[in-house]
Amino acid sequence: MTAFSFDAVAAILFIPAGAAAILAALPNYKMTASVNVAASFLTLLAALSLFVTDRPAPGQYLIVDDLNIVFIVLNTFVGFTTSVFSASYIAHELETGRLTAPNLRFYHAMYQIMMFGMNLAFVSNNIGLMWVAVELATLTTVLMVGIYRTHEALEAAWKYFILGSVGIALALFGTILVYMAAQPVVGAGTNAMVWSVLIDKAAHFDPALLSVAFIFLLLGYGTKVGLAPLHAWLPDAHAEGPTPISAVLSGLLLNVALYAVLRFKLLLAASPEAIGPGPLMATMGLTSLIFAAFMLYRRRDIKRLFAYSSIEHMGIIVFAFGMGGPLANFAGLLHMVMHSLTKSAIFFAVGHIAQVKGTQKISEIRGLTESHPGLGWALVIGVVAIAGLPPLGIFMSEFLVVSSTFARYPWLAIPLVFGLLIAFGALLLRLTGLAFGEPRGGTAPVEASYVPMYSHLALVFTAGIYLPAPLVAWFQHVAGILG
Amino acid sequence: MNGLTFDIAHLLAGSLVLVSFMMLYQDRLFALINVFALHAVVLALSVAWQAYIQDAHHLYITAAIALVFKAVVIPVGLHRIIQRLGIHRDIETAVGIGPTMLAGIGLVTLSMVLMLRVTPEADPLAREDLAFALSIILLGLLVMVTRRNAVSQVVGFMSLENGLVLAATGAKGMPLVVEISVAFSILIAFIVIGVFLFRIRERFDSVDVGALDDYRGERR
C-alpha cells in the first residue's frame with residue numbers, strides 16, 4: 001500500500017516531466033495540444049488519488065499532508081481545464097499567424113514543465129527544494145509571457161523576469177536565514193532544511209533571526225503573490241502573454257507563492273517570541289486590496305483590468321490568512337479556491353473575446369451578450385462572481401472574511417469593506433460597457449470550447465449555494481492546521 | 001591560527017563588498033564587466049577559503065563554478081555580445097554617481113546594523129558573512145535600479161547572486177542541494193537573459209531597456 005501511494009506523488013511529478021520531454025519532440029501541433037490535455041488530465045487523476053491512497057511518511061524532500069493536497073488538487077484541476085482552453089485558443093493563434101508551429105512545440109513543453117515546477121513546489125518538504133521549484137515555475141512563465149515577441153510582450157517578460165528574480169533572490173536569502181536559525185538546534189545538514197523537522201523544533205530557534213528571515217521571505221515570495229508595493233510585473237505579464245498563461249498565472253502561480261508564504265508563516269507561529277507574521281501579512285493584504293481597487297478604474301485593457309482584480313483578491317486572501325484563526329483561515333482558503341476557479345474562467349472568456357474582437361481595448365468591445373451570447377454571458381457571470389455578488393461562491397467567502405474581521409478587529413473591517421466596494425463599483429461599471437449595449441467590433445462567430453469556463457462557473461455557483469459537508473469539514477481541518 | 005583564518009575570511013568577504021562598490025561607479029560596459037569578473041574571482045577565493053576552514057570539500061566545486069563560469073565564461077560571453085551589438089559606449093546611469101555611492105553606504109550600514117543585531121549568538125564568522133552578503137545583495141539591487149541598460153542590469157543581478165552564494169557558503173553545513181541549485185539557476189538565468197538580449201536586439205537594435213518604455217500598452 002505504501003508503495004502504491006508513493007506512486008501518486010511520483011505520478012504528479014513524473015507525468016508533467018515526461019510529457020514535457022515528449023512534447024518537445026513532437027512536431028505536429030494538433031497532436032501536441034491533445035497530448036498536453038491528456039497529460040494534464042492524468043496528472044489531475046493522480047492528484048485526486050492522493051485523497052484515497054495512504055500517504056508516504058514525510059521524507060527529506062517530499063511531503064504530502066492535509067494542507068498541500070488542497071493546493072495540489074486545485075492546481076492540477078485548473079491546469080487541466082486550462083489545457084483544454086489552450087487547445088482551442090492556440091488553434092486560433094496559429095490561424096492568425098501570431099504563433100508558429102515551432103513556437104507551439106516550445107509552448108506546450110513549457111506548459112508541462114511549469115506544471116511540474118508548481119507540483120514540485122507543493123509537495124516539497126525541503127525549503128531549498130521548494131525555492132528551486134518556485135524559481136523553475138517562474139522562469140518557464142517568463143519564457144511564455146515573451147512568446148509573442150512583440151515590443152510589449154518583451155517588455156512585460158523582461159520586467160517580470162527582473163522583478164521575479166529579485167523577489168526570488170530575497171526569498172533565497174530568507175531561506176538561508178531560516179537554515180542559520182535552525183542549524184544550532186537541528187544540527188548541520190539536510191535536516192535543517194526539512195520543513196516537517198523545522199516545524200517541530202521551531203520553538204527553540206533564535207526568534208530574532210527567524211523574524212528577519214520571514215520578512216525576506218514575505219517580500220520575496222510576496223513579489224510573486226503580487227502584493228501591492230511589489231506587484232509591478234503582474235499586470236504587464238498578464239496582459240501581454242498568451243491568455244492561457246494569464247489564466248494559470250492568476251489561478252495557479254500566485255497560489256504557489258502564497259503557499260510558500262503560508263508554510264513559513266506556520267514556522268513563525270510555532271516560535272512564540274518571534275514577531276507575529278499576522279499583522280505584516282494583514283497590512284500588505286489590505287494595502288494591495290485598496291490600491292488595486294482604485295487602479296481598476298483607470299484600466300483600458302481588458303486583461304490588465306482582470307490582472308488588477310487578481311492583485312485585489314490576493315490581497316483579500318493574504319489579509320484573511322494574516323488575521324488567522326479558524327474562521328478567517330477557512331474564509332481565506334475558500335476564497336483562494338473560488339478566486340482561482342472564477343479568475344481562470346474569466347480569462348478563458350476574455351481570451352476568446354480578444355480573439356473575435358481582435359483587440360484587448362475595453363473601449364472597443366461593446367455589447368458582447370448580443371454579438372456572442374455564449375462568451376458574453378460567461379463574462380457577465382464571471383464578473384458578477386468576482387465582484388462578490390450573491391449567490392456565487394466569492395460572495396460567501398468575502399462575507400466570511402468581512403464577518404470574521406468585524407468580530408475580531410472591527411476597525412479593520414472599515415478599510416476592508418471600503419476596498420471591496422470600490423472594486424465592486426469598478427468591475428460593474430466596466431462590465432455594463434463590455435457586455436451590454438450596441439455591439440461593436442468583430443462579430444465573427446467563435447470556435448470556442450465553452451466547457452472549461454462554464455464548468456468553473458458552475459462549480460463557483462454551486463459552492464455559493466451549497467458546500468458539501470465533507471468539503472467543509474476538510475477545509476475546517478486545514479484552517480485549524482493553519483492556526 | 002584561528003584568528004588568522006577568521007581574518008582571511010573577513011578580508012575576502014570585505015573585499016567582495018568593496019568590489020561591489022566599484023561596480024557602482026563604472027560608467028563603461030566593458031569596465032563594468034571586468035569588475036564583475038573580479039567580483040567572481042574574489043567570491044571564488046572566499047568560497048574556497050570557507051571550504052578549507054570548514055573542511056567541506058563540496059564547497060570547492062562551488063568555488064570552481066564561480067571561477068570558471070562567472071569569472072571567465074560569462075564575462076567573455078558578455079564582451080562578445082557587446083561587441084556584436086556595438087554598444088560599447090557610456091552607460092547612462094539613471095541616478096548620478098554621487099547619490100548612488102551615498103545610497104550604497106547607507107545600504108551597507110543598514111545591513112550591518114540589522115544582521116549583527118539579530119545574530120548575537122551565531123558563530124562570529126557566519127554572522128559577519130551574512131552581514132557582508134546582505135550588503136552585496138543590496139548593492140547588486142542598487143546597480144540594477146540605477147542602470148537603464150539591459151546588460152548592466154544583468155551584471156547587477158549576477159553580483160546579487162554572488163552575495164547569495166557567499167551567504168549560503170557561510171552557513172555551516174548547508175546542504176549541497178542549494179549550492180548546485182544556485183549555480184544552476186545562474187546558468188538558467190543567463191540562458192534566459194541571453195535569449196532576451198538577442199530578441200531585444202532583433203526587435204529594437206538596442207539593448208537600452210528605456211527604449212522599451214515607449215512601447216508600453218498603457219500609460220499610467
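**Exercise 1. State whether Thr359(A) counts as buried, partly exposed or exposed, and describe its surroundings.**

Solution. In this predicted model, Thr359(A) has 16 C-beta neighbours inside 10 Å and therefore counts as partly exposed, since burial would require 20 or more such atoms and exposure 12 or fewer. The next step is to place the residue in the chain: Thr359(A) belongs to the loop between helix H13 (326–357) and helix H14 (368–371) of chain A. Once neighbours within four places in sequence are set aside, the contacts of Thr359(A) are Ala354(A), Glu364(A), Ile365(A) and Gly441(A). As a last step, a pair distant in sequence can be examined, for Thr359(A) and Tyr148(A) stand 211 residues apart along the sequence, while their C-alpha atoms are 15 Å apart in space.

**Exercise 2. Determine how the axes of H16(A) and H17(A) are oriented to one another, and which residues form their contact.**

Solution. Begin with the geometry: the axes of helix H16 (residues 393–408) and helix H17 (residues 410–435), both of chain A, come within 7 Å and cross at roughly 150°. Because angles over 145 degrees count as roughly antiparallel, H16(A) is roughly antiparallel to H17(A). Turning to the residues, H16(A) contributes Glu398(A), Val402(A), Thr405(A) and Phe406(A), which meet Pro410(A), Leu412(A), Ala413(A), Leu416(A), Val417(A) and Leu420(A) of H17(A). Sorted by class, this contact consists of eight nonpolar residues, one polar residue and one charged residue.

**Exercise 3. Carry out the analysis for H6(A) and H9(A), giving the orientation, the handedness and the make-up of the contact.**

Solution. Helix H6 (residues 151–186) and helix H9 (residues 233–240) of chain A have axes that come within 8 Å and cross at roughly 140°. That angle makes H6(A) oblique to H9(A), because the roughly antiparallel class is reserved for angles over 145 degrees. The crossing of H6(A) and H9(A) is left-handed. On the side of H6(A), the contact involves Glu152(A), Ala153(A), Glu155(A), Ala156(A), Lys159(A), Tyr160(A), Leu163(A) and Gly164(A), and on the side of H9(A) it involves Trp233(A), Asp236(A), Ala237(A), Ala239(A) and Glu240(A). These residues divide into seven nonpolar, one polar and five charged.

**Exercise 4. Describe the fold of chain B in outline, and then the setting of Ala63(B) within it.**

Solution. Chain B has eight helices and zero strands, so that every element in its order from the N terminus is written α, as α-α-α-α-α-α-α-α. Of its 220 residues, 47% count as buried, and among contacts in chain B with a separation of 6 or more, 71% join residues 24 or more positions apart. Ala63(B) sits in helix H3 (residues 58–85) of chain B and is buried, because 21 other C-beta atoms lie within 10 Å. Beyond residues up to four places away in sequence, Ala63(B) touches Ala44(B), Val47(B), Ala48(B) and Ala51(B). The C-alpha atoms of Ala63(B) and Asp7(B), 56 residues apart along the chain, are separated by 19 Å.

**Exercise 5. Find where in chain A the confidence is lowest and highest among its helices, and where caution is needed.**

Solution. Chain A has a mean pLDDT of 87, with 99% of its residues reaching 70 or more. Confidence is lowest in helix H1 (residues 2–25) of chain A, at a mean of 78, and highest in helix H12 (residues 302–323) of chain A, at 93. Over residues 1–5 of chain A, pLDDT stays under 50, and for this stretch the model has eight contacts beyond four places in sequence. Where pLDDT is low, predicted coordinates should not be read in detail.

Terms used: Residues numbered from 1 in each chain as written. Chains lettered and ligands numbered in written order. Predicted model: local features only at pLDDT ≥ 70, side-chain atom pairs only at ≥ 80, totals over all residues. Helix = DSSP H or I, 4+ residues; strand = E, 2+ residues; numbered from the N terminus. Contact = placed C-beta atoms within 7 Å. Axes fitted to C-alpha atoms, helices over the stretch in contact; angles between N-to-C directions. Parallel < 35°, antiparallel > 145°, perpendicular 65-115°, else oblique. Nonpolar A, V, L, I, M, F, W, Y, C, P; charged D, E, K, R; others polar. Left-handed = near helix turned anticlockwise from the far one by under 90°. pLDDT = per-residue confidence, 0-100.
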